[in-house]
Amino acid sequence: LHGWKCTCTLSSGWAFQDEIEITYTDFTNDIVIPVDSDNGDYIYPAFTFVAGTATNPISPIIVNTSDNNRTMEIKDISAQTEVYVDSAVGTITDNTGASIYSNLVDQKFLRLVNGDNVLQISGISELTIKYQNVRYII
């Protein structure tokens, strides 16, 4: 019998779980995004949304009532614009690739807390959110 033995030393005690992707199209009621991480830190999601058509320009708003009503608002974008947000990196671009960071009010990005995140959405017709829970490695 031949084999080998190795010892692994990790530089981090944390790892990311597989990515979770959820799409929402109905915002008549609050939406709930469940987060189940092993640490107590925030999760900074990436997401794509399509601005609504109620007015032009429109100012989409996402309020996380589970995070002390933290509000992410993007002022004055064209109706039906597709917007790409990476909260971890701090980027916001439209479907042409142009940055619309200057439209972000108070530079507040969406962040998720551990547990159920109750979001109030306005000015958005479709939202696809992606995030990863964090796991402790023993």
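The legends below describe close-up views of a predicted model.

**View 1. The open sheet of five strands.**
Five strands form an open sheet in the order β2-β10-β4-β7-β8, and their pairing is antiparallel. Strands β2 (20-24) and β8 lie at the edges, each pairing on one side only. From one strand to the next, the twist averages 15 degrees. Within this order, β4 runs antiparallel to β10 (residues 124-131), and six bridges join the two. One residue to look for is F47, whose bridge partner in β10 is I129. Strands of a sheet pair through backbone hydrogen bonds, and the pairing may be parallel or antiparallel.

**View 2. The aromatic pair of F47 and F49.**
Four aromatic pairs are present in the structure. In the pair of F47 and F49, the ring centres are 6.4 Å apart and the planes lie at 25 degrees, so the pair is stacked. F47 is buried, at 2% relative accessibility. F49 is also buried, and its relative accessible area is 2%. In general, a pair of aromatic rings is described by two values, the distance of the centres and the angle of the planes.

**View 3. The salt bridge of R135 and D36.**
Five salt bridges are found in a search of the whole structure. One of them is formed by the side chains of R135 and D36, with an N to O distance of 3.2 Å. R135 belongs to strand β11 (residues 134-136), while D36 is in the loop between β3 (31-35) and β4 (46-51), so the salt bridge ties together parts that are 99 residues apart in sequence. R135 is partly exposed, with a relative accessibility of 22%. D36 is partly exposed as well, and its relative accessible area is 48%.

**View 4. R111 with D67 and Y42.**
The side chains of R111 and D67 meet in a salt bridge with an N to O distance of 2.6 Å. R111 is in the loop between β8 (91-94) and β9 (115-122), and D67 is in the loop between β5 (61-64) and β6 (70-73), so this pair links parts that are 44 residues apart in sequence. Both partners have low values: R111 is buried at a relative accessible area of 17%, and D67 is buried at 4% relative accessibility. R111 has a further contact, as its charged end sits over the ring of Y42, 3.8 Å from the ring centre.

**View 5. The salt bridge of E73 and K75, and a network elsewhere.**
E73 and K75 form a salt bridge in which the closest N and O atoms are 3.5 Å apart. E73 counts as buried at 16% relative accessibility, whereas K75 is partly exposed at 38%. Elsewhere, D36, D38 and R135 are joined into one network by salt bridges that share partners. Side chains of opposite charge can pair when their charged atoms come close.

**View 6. Strand β5 between its pairings with β6 and β9.**
Strands β5 and β6 pair in the antiparallel sense over four bridges. Strand β5 also runs antiparallel to β9, again with four bridges joining the two. V63 takes part in both pairings: its bridge partner in β6 is T71, and its bridge partner in β9 is Q120.

**View 7. N117 in strand β9.**
N117 lies in strand β9. This residue is buried, at 0% relative accessibility. The side chain of N117 reaches the backbone oxygen of V113 at a distance of 2.8 Å.

**View 8. Backbone features in three loops.**
Most residues other than glycine have a negative phi, and most peptide bonds are trans. N56 and P57 are joined by a cis peptide bond, with omega at about 5 degrees. P57 is in the loop between β4 and β5. N68 is not a glycine, yet its phi is positive, at about 55 degrees. The hairpin of β5 and β6 that holds N68 has five residues between the strands. N68 counts as exposed, with 72% relative accessibility. D76 is another residue other than glycine with a positive phi, here near 50 degrees. D76 is in the loop between β6 and β7 (82-86).

Technical notes
Residues are numbered from 1 along each chain as its sequence is written. This is a predicted model: local features need pLDDT of at least 70, side-chain atom pairs count only at pLDDT 80 or more; totals for chains, interfaces and linings use all residues. Side-chain values use heavy atoms; hydrogens and water are left out. A salt bridge is a side-chain nitrogen of Lys or Arg within 4 Å of a carboxyl oxygen of Asp or Glu. Buried means under 20% relative accessible area, exposed over 50%, partly exposed in between (1.4 Å probe, protein chains only). Two strands pair if DSSP finds at least two bridges between them. Axes are lines fitted to C-alpha atoms, for helices over the stretch in contact, and angles run from 0 to 180 degrees between N-to-C directions. Rings of Phe, Tyr and Trp (its six-membered ring) pair if their centres lie within 6.5 Å; planes under 30 degrees apart count as stacked, over 60 as edge-to-face and the rest as tilted. A charge sits over a ring if NZ of Lys or CZ of Arg is within 6 Å of the ring centre and within 35 degrees of the ring normal. A polar contact is a pair of N or O atoms within 3.5 Å; within protein, one must be able to donate a hydrogen and the other to accept it, and residues adjacent in sequence count only if both atoms are side-chain atoms.
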